[in-house]
Amino acid sequence: MKKLTALAAITALGLPVPTARADGAPPAFTDGHGLTVVAQPRWVDHNERTFVLTVRTGQVPAYSVLPGQVSGEHSVVVTLPEDYAVSGATRYPVHYHLHGHPDRPDTAANQRLFEEPTVGVPLITVAPNGSGRGWYSNWVAPPAGLRPQNWENFHLDQLIPFIDANLRTIPTRDGRAVSGHSMGGFGAFHYAEHRPELFGYVGSFSGGLDLLSQEQRAAVVATTQLPGSGTPTVPVDAIFGPPVWPLDGVWNAQSPAQHVGALRGTGVAMYTGDGGDLLVDPVRAVTENRARATNLVARDHLLAAGIPHTFVDYGDGSGWAEGCTGKHAQLPCLLADMEHFVSLLMGALTHP
């Protein structure tokens, strides 16, 4: 394992060391970096590894909500290493994971995704709210009722320093990674390309990585119109502007597949299936099949740029994980993706 060689440098900077609470409660958080804590952390179960806190931000003061969500209140899910409370001043790397559409971070499935692959692993996992259709971007034309929708500013400029201030993190590029599933896979590559100084590793789990693809554009547009993506719905041009030439400049500029040059020097991993039997569970099968097409475009650009990367194409899933049949948003597939990705992180990031 890598030694915590960054700790001396971190200590020299005079950064405070947040201390664990002795009463078995999760760490208490302090407002800062534009975020206001409206609900302090609470453990999700008696295992006391994962907690949820709620914040507000002026960057996304309201948003399209899924059932059970409160517009403007953002859940942030944090999974700690098992020994966090008793490890003194030990600092840990942080893995930010971005959920897909129309998901949310605080689900039982996501808790499994964060906890099971990190048993015995010295890694903090942080999963922020991205809404059912946020697309991890600063929207170009948000509707008046939701303005603004600066998801990128919220996560990169506010949440990251907020987490570093309140938990014992390694607050450097070599101690930080980002990944995501589906819409979140787009977000992870988008964030890592925009701010390569923040992340030492990036991963996409069945991400939609090619905004030049008309199929991918149709999928994004669909999320703006589907009530299942959140209420209220929004105009088709709210996120990236009009999706048609010659008004599609933002779509082109924000497409991760064509801008991988910014990832030079960053660890890169992509995971995708092919949908398996497309006649079985056809919606999820076709969704995964077309997401794979965008991953192939990103892979080709990485190869052309000579950027090292890991590309796992597990096809119908039969050789990847029990219960994985290569379809979109299948938990067995995602658990295998995460386990493999975490192993890459532990070989690359600074950690105890």
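**Close-ups of rings, a disulfide and a pocket**

Phe29 and Phe162 are both buried. They open this set of close-up legends, which all come from a predicted model.

**View A. Phe29 meets Phe162 in a tilted ring pair.** The two ring centres sit 5.4 Å apart, and the planes make an angle of 45 degrees. Phe29 belongs to the loop between helix 1 (6-12) and strand 1 (35-43), while Phe162 is part of helix 3 (residues 151-166), so this contact ties together parts of the chain 133 residues apart in sequence.

**View B. Tyr201 and Phe341 pair up edge-to-face.** Here the centres are 5.8 Å apart and the planes stand at 80 degrees; anything over 60 counts as edge-to-face, so that's the label this pair gets. It's another long-distance link: Tyr201 is in strand 7 (residues 201-205) and Phe341 is in helix 8, 140 residues apart. Tyr201 has 11% relative accessibility and counts as buried. Phe341, at 0%, counts as buried too.

**View C. Pull back from Tyr201 and Phe341, and an aromatic cluster comes into the frame.** The cluster is made up of Tyr201, Phe205, Tyr271, Tyr314, Trp320 and Phe341. If you're keeping score, the structure has 15 aromatic pairs.

**View D. Arg168 puts its charge over a ring.** The ring belongs to Tyr84, and the charged end of Arg168 lies 4.0 Å from the ring centre.

**View E. Cys324 and Cys333 are joined by a disulfide.** The count for this structure is one disulfide, and its sulfur atoms are 2.1 Å apart. The torsion about the S-S bond is about 100 degrees, so the disulfide is right-handed. Both ends are tucked away: Cys324 is buried with a relative accessible area of 5%, and Cys333 is buried with 0%.

**View F. The largest pocket has a volume of about 720 Å³.** It's lined by 35 residues, and the closest to its centre are His101, His181, Ser182, Thr287 and His328. Four helices each give two or more residues to the lining: helix 2 (108-115), helix 5 (214-225), helix 7 (282-305) and helix 8 (331-348). Helix 7 chips in the largest share, with seven residues. As for chemistry, the lining is a mix of 15 nonpolar, 16 polar and four charged residues. Helix 8 may ring a bell from View B, as the home of Phe341.

Notes: Residues numbered from 1 in each chain as written. Predicted model: local features only at pLDDT ≥ 70, side-chain atom pairs only at ≥ 80, totals over all residues. Heavy atoms only, no water. 1 Å grid on protein atoms, 1.4 Å probe; cavity = no way out; pocket = protein on both sides within 12 Å on 5 of 7 lines; lining within 4 Å. Points joined across faces, edges and corners; volume = space filled by probe spheres on them. Nonpolar A, V, L, I, M, F, W, Y, C, P; charged D, E, K, R; others polar. Phe/Tyr/Trp six-rings, centres within 6.5 Å; stacked < 30°, edge-to-face > 60°. Buried < 20%, exposed > 50% of the residue type's maximum accessible area, 1.4 Å probe, protein only. Lys NZ or Arg CZ within 6 Å of the ring centre and 35° of its normal. Disulfide = S-S within 2.5 Å.
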